[in-house]
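Please take a look at the model below before reading on. The report afterwards walks through its sheets, helices and a few single residues.

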Amino acid sequence: MERIPILKMGDCLLVTVQVDMHDQMALTLQDDLTTRISQTKAKAVLIDISALEIVDSFIGRMLGNIAGMARILDAQTVLVGMRPAVAITLVELGMSLPGVRTALNVERGMDLIRMSPANRSRHDRESR
Amino acid sequence: MPKPASSKLSEVLLRYESDILATWMQLQLSAVKHRGDLIKNSDLREQSARFLELVREGVQTGDPNVQSGAAWAATREMLESLSRSRAKLGFTPAETASFVYSLKAAIFERLREEMGSNPQALVTEIITASELLDVLGLLTMEMYQKGREGVIARQQQELMELSTPVVMLWDGVLALPLIGTLDSGRTQVVMENLLQRIVETGASIAILDITGVPTVDTLVAQHLLKAVSAARLMGADCIISGIRPQIAQTIVHLGVDLGNVTTKATLAEAFRVALNRTSRRIVDADFQASTTGA
């Protein structure tokens, strides 16, 4: 079965969605990701959806859910690379994904994670 | 069954076509509504001759169905192009319709000369001709209206494209000066333009300036918030600026919740916030010179 790969980079889990997600795939991703977060004790999850061209309410909800689950497991989620058409669709569907942080591309997303208060305070502690 | 009345009309039209045309032209040129500034005499003569010819051909077939009959198709087509071109040239509806109605007098005059001795037949004849030209005149009005509506639709389209520019104020800072009423159609265009520019420029802050939006009701506010949410999903923060005092009052009275969107009174203020957020600041040149120079 098709799976979306989850890469670990330091404290961060990197998820790049390279194909159009179907419902089962999204559910599998949710399972895999939560398992990986608890295994690796990752502090951040970066989901790149730049290749995602079609979203429906289900996928929109899954993205919100994944972010919510990650937060409970003490990892912040940044959603990056959303296409304009996808953003408009989600807004028209009434899903503005509150509570999910967003960035234009992976680079900006990584900056956002690095700049986040949780990370910065830890960094400060380590450097002291 | 061919009506004798219409055959008489067609006979007159056929026999005196050039005379009628001459009288008609004279009437048109001397009319108060004649617009010599908008149309050349030669063009008018050409149009008149063509129209008269088409009317004669139509009358000869004896088809009473002017609105949709096949015999009148060419006439209708001609009137359509004529009304459209006159609507574009700037003729008023009355001036356009008078083109057809002025033909009446020319035809009636000719009929009177021809049948003056027989008043009853003359009246019948005049009624027939009058009815025919009335229908054609109304048709002209209808076509004119359609032409005008086409012009309006085109202007709307142009206005929509013109009034939704996305300008780059600074690296990573976009501004969207919105002018005019925001309806759902325009919001869609605005949103698409904005998101497209965010992708192109990699901007992280967008300022929606609503100085030019005359009224903000719940619907407009909802449309604004939609644009803000969509931009946020693309990783760009939005600031709404240019909120006039009256609009601030309306927004509060309507109970519209602008959520956690940053709002500023002026574009300048919003720009300052945008620079702050991107870790930049504007300093007074003199101030800087005095501190570094000392």
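What follows is a short tour of chain A and then chain B.

This is a predicted model, in which local features need pLDDT of at least 70, side-chain atom pairs count only at pLDDT 80 or more, and totals for chains, interfaces and linings use all residues. Residues are numbered from 1 along each chain as its sequence is written, chains are lettered from A and ligands numbered from 1 in the order in which they are written, and side-chain values use heavy atoms, with hydrogens and water left out.

## Chain A

Chain A has five helices and five strands. Helices (H or I, at least four residues) and strands (E, at least two) are DSSP runs, numbered from the N terminus. Read from the N terminus, the elements of chain A go β-β-α-β-α-β-α-β-α-α. Chain A has 128 residues, and 46% of them are buried. Buried means under 20% relative accessible area, exposed means over 50%, and partly exposed lies in between (1.4 Å probe, protein chains only).

Contacts tell us about the fold too. A contact means heavy atoms within 4.5 Å. Take the contacts in chain A between residues at least 6 apart in sequence: 72% of these join residues at least 24 apart.

The five strands of chain A form an open sheet with mixed pairing, in the order β1-β2-β3-β4-β5. At its edges stand β1 (6–9) and β5 (101–103) of chain A, each with a single partner strand, so one side of each has no neighbour in the sheet. From one strand to the next, the twist averages 25°. Two strands pair if DSSP finds at least two bridges between them. β1(A) pairs with strand β2 (residues 12–16) of chain A in the antiparallel sense, over four bridges. A:Leu7 has A:Leu14 in β2(A) as its bridge partner.

Now the helices. Helix α1 (residues 23–40) and helix α2 (residues 57–72) of chain A pack at an angle of about 5°, and their axes are 10 Å apart. α1(A) is therefore roughly parallel to α2(A). Residues making the contact include A:Leu33 and A:Ile37 of α1(A) and A:Ile59 and A:Met62 of α2(A). Axes are lines fitted to C-alpha atoms, for helices over the stretch in contact, and angles run from 0 to 180 degrees between N-to-C directions. Angles under 35 degrees count as roughly parallel, over 145 as roughly antiparallel, 65 to 115 as roughly perpendicular and the rest as oblique.

## Chain B

Chain B also has an open sheet of five strands, in the order β1-β2-β3-β4-β5 and with mixed pairing. Its edge strands are β1 and β5 (262–263) of chain B, and each pairs on one side only.

Why is strand β2 (residues 173–179) of chain B largely enclosed by the rest of the structure? Five of its seven residues are buried, so the rest of the structure largely encloses this strand.

On one side, strand β1 (residues 167–170) of chain B pairs with β2(B) in the antiparallel sense, over three bridges. The two strands form a hairpin with two residues between them. In the turn, B:Gly172 has a positive phi of about 80°. β2(B) also joins strand β3 (residues 205–212) of chain B through six bridges, and these two run parallel.

Here are some opposite residues in these strands.

| Residue | Stands opposite or bridges to |
|---|---|
| B:Val167 | B:Ala175 in β2(B) |
| B:Pro177 | B:Asp209 in β3(B) |
| B:Ile179 | B:Gly212 in β3(B) |

β2(B), helix α7 (residues 184–201) of chain B and β3(B) make a right-handed β-α-β unit. Right-handed here means that, with the strands pointing away from the viewer, the path from the first strand over the helix to the second runs clockwise.

The axes of α7(B) and helix α8 (residues 218–233) of chain B come within 10 Å and cross at roughly 20°. These two helices are therefore roughly parallel. Among the residues that meet are B:Met191 and B:Leu195 in α7(B) and B:Ala227 and B:Ala230 in α8(B).

Two single residues round off the tour. B:Val12 lies in helix α1 (residues 4–15) of chain B. It is buried, at 3% relative accessibility. B:Glu114 is 102 residues away along the chain, yet the C-alpha atoms of B:Val12 and B:Glu114 are separated by 8.0 Å. B:Thr75 lies in helix α4 (residues 73–89) of chain B. B:Thr75 is buried as well, with a relative accessible area of 0%. Leaving aside neighbours within four places in sequence, B:Thr75 is in contact with B:Phe51, B:Leu54 and B:Leu136.
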